[in-house]
Amino acid sequence: MPAQSVRRPLAIVLALAALLAAPGPHAAHAAPGKGPDSVADVAARVMDAVVNISTAQTVSGSRGVQVPQLPPGSPFEDFFDEFFKRRQDDDDQNRSRRVSSLGSGFVITPEGLIVTNNHVIADADEIYANFNDGTKLKAELIGRDPKTDLALLKVTPTKPLTAVKFGNSDILRVGDWVMAIGNPFGLGGTLTVGVVSARNRDINSGPYDNFIQTDAAINRGNSGGPLFNMEGEVVGINTAIISPSGGSIGIGFSVPSATAQPIIAQLEQFKEVRRGWIGVRIQSVTDDLAESLGIGKARGALVGVVTESSPAARAGLKAGDVIITFDGKDVKEVRDLTRVVADTMVDREVDVVVIRNGKEETLRLKVARMPEEDKPGTDQPKTTDAQKVQPKRALGMDLSPITEELRRRYRIKSEITGAVITNVDRGTPADDKGLKAGQVIVQVGQEATASPADVEKQLAELRKQGKKAALLLISDGEGQQQFVTLPLN
């Protein structure tokens, strides 16, 4: 037989062997471009780490009947008093009642640390973790963080528990497969599969919103449960849904593990969250602000106010600086800076890269702990009659010096200086930007103003330089500031 004829049957046999050796229909991993054939193996490893969280609390309610108001001396007065007194005594005995709620959670250490949502256990008198094997253990609240809706619990098991570990949510891509396990509608351990629909979602639930959006079915009772990647690692904590009916419509949100891990670590160590703070008020950089600041494309976080004696003030940050990097992390928008500062350990020294007057500068600052309340400003000398000048018109606005009468009328704090807006012409760019009477122009072109004459002088200088727009720093009466740009023509 020719050698070529021998090689062909051999090639066929090898191809068949390779086909038989290929993963079967229950393989956990999917071929490129194809969904997972099965997640059973992954689910079997992690299912016992997912728990049902049940809570109970005592609430007071009033079921009493309002006593009618009768005229003094009415013949029915004694009858009604006796009748309603008996009803009130009965209600007092039944006024307090026990209510319960259900949610989900997951074990992160064999010794019994459990992660869930804050809203699952908020105001609970008793918390229990119900395990897949039927075990029920009373849980102690270690700490909670309402701003990210996370809570850490502790149970005392008689044997090591099945635990899961966190994965890296930062590497998730839209379209990656994920798996949710929880306790929807009190049904017990339920698994659903879907994909990452979007990342970095802001649903206005808190200051640090950065949710993973998924179409894996998440329903009532799933709150606090884990969102797994296909390796069985927790990449999110299921927290919220959008649904007119209360059931899943394929829009669920999970707190990313990258956000949750430092919060959980602090709750374990301190029983509270100690967020970083640098002492600046910031705003988004729009295209027109970017042009006025000379920074090219819109990016970063624009500093509007630097708190006196804050880490930012000591480091030399100024109003008008655009922060583009913090501790080596890019700041593309305001939310990026808010999150990265809050996640930074207190007393850590970091580099901050800012754009100032069109050039990049690197500043060094030491992060402080976020205070409970903003520090009050320092009182400044009041404007005297000798400092008053005549009102001016500029950019479609009437401007006046800040007199004591105007401070009272517009409730302008004593520490705010500049030119107060007393009128804005309708249909002008200033009107379009939302400027209104009572606001104060405190800077023009990043130069401080003390009067309408200063505004007029600085606008003239900008026109002389060939600028097409003026960058104004505007303050309200409370000291909240923002930058706006107005065309000079």
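Buried means under 20% relative accessible area, exposed over 50%, and partly exposed in between. The legends below apply these terms to a predicted model.

**Figure 1. Salt bridges around E272 and R274 in the predicted model.** E272 and R274 form a salt bridge whose closest N and O atoms are 3.1 Å apart. The relative accessibility of E272 is 29%, so this residue counts as partly exposed. R274 likewise has 29% relative accessibility and is therefore partly exposed. A network of salt bridges links E272 and R274 with R369. The structure as a whole holds 16 salt bridges.

**Figure 2. Salt bridges of R335 and R393.** R335 is paired with E333, with 3.9 Å between the closest N and O atoms. R335 counts as buried because its relative accessibility is 19%, under the 20% limit. Its partner E333, with a relative accessible area of 38%, is partly exposed. In a further salt bridge, R393 meets D398, and the closest N and O atoms are 2.5 Å apart. R393 has a relative accessible area of 48% and is partly exposed, under the limit of 50% above which a residue would be exposed. D398 is partly exposed as well, at 22% relative accessibility.

**Figure 3. Helix α8 and the strands that it packs against.** Helix α8 spans residues 334-343 and is mostly covered, with eight of its ten residues buried. These buried residues are V334, R335, D336, L337, R339, V340, V341 and A342. They pack against β9 (190-201), β14 (276-277), β15 (280-284), β16 (301-306), β17 (322-326) and β18 (329-330). R335, one of the buried residues of α8, also forms the salt bridge with E333.

**Figure 4. The six-stranded barrel and helix α5.** Six strands, in the order β8-β9-β10-β13-β12-β11, close into a barrel with antiparallel pairing. On average, neighbouring strands of this sheet are turned by 45 degrees against each other, direction ignored. Within the barrel, β9 and β10 run antiparallel and are joined by three bridges. A198 stands opposite Q213 in β10. Helix α5 (residues 257-270) lies across β12 (234-241) and β13 (252-256), and runs at about 50 degrees to β13.

**Figure 5. Surroundings of the buried residue N222.** N222 is located in the loop between β10 (211-214) and β11 (226-228). With 2% relative accessibility, N222 is classed as buried. A polar atom of the N222 side chain lies 2.9 Å from the backbone nitrogen of N219. Residues up to four places away in sequence aside, N222 touches S104, I181, G182, N183, P184, A217 and N238.

**Figure 6. Surroundings of the buried residue T116.** T116 belongs to strand β3 (residues 113-116). The relative accessible area of T116 is 0%, and this residue is therefore buried. The T116 side chain reaches the backbone oxygen of S104 at 2.6 Å. Apart from neighbours within four places in sequence, the contacts of T116 are I53, S104, G105, I121, D149, L150, A151, L153, S223 and G224. S104 is also among the residues touched by N222.

**Figure 7. Segments with pLDDT below 50.** The protein has a mean pLDDT of 80, and 79% of its residues reach 70 or more. Over residues 10-27 the pLDDT is below 50, and this stretch has six contacts in the model beyond near neighbours in sequence. Residues 373-389 also stay under 50, and here the model has 20 contacts beyond four places in sequence.

Technical notes. Residues numbered from 1 in each chain as written. Heavy atoms only, no water. Buried < 20%, exposed > 50% of the residue type's maximum accessible area, 1.4 Å probe, protein only. Helix = DSSP H or I, 4+ residues; strand = E, 2+ residues; numbered from the N terminus. Contact = heavy atoms within 4.5 Å. Polar contact = N/O pair within 3.5 Å; in protein donor to acceptor, adjacent residues only side chain to side chain. pLDDT = per-residue confidence, 0-100. Pairing = 2+ DSSP bridges. Axes fitted to C-alpha atoms, helices over the stretch in contact; angles between N-to-C directions. Salt bridge = Lys/Arg side-chain N within 4 Å of Asp/Glu carboxyl O.
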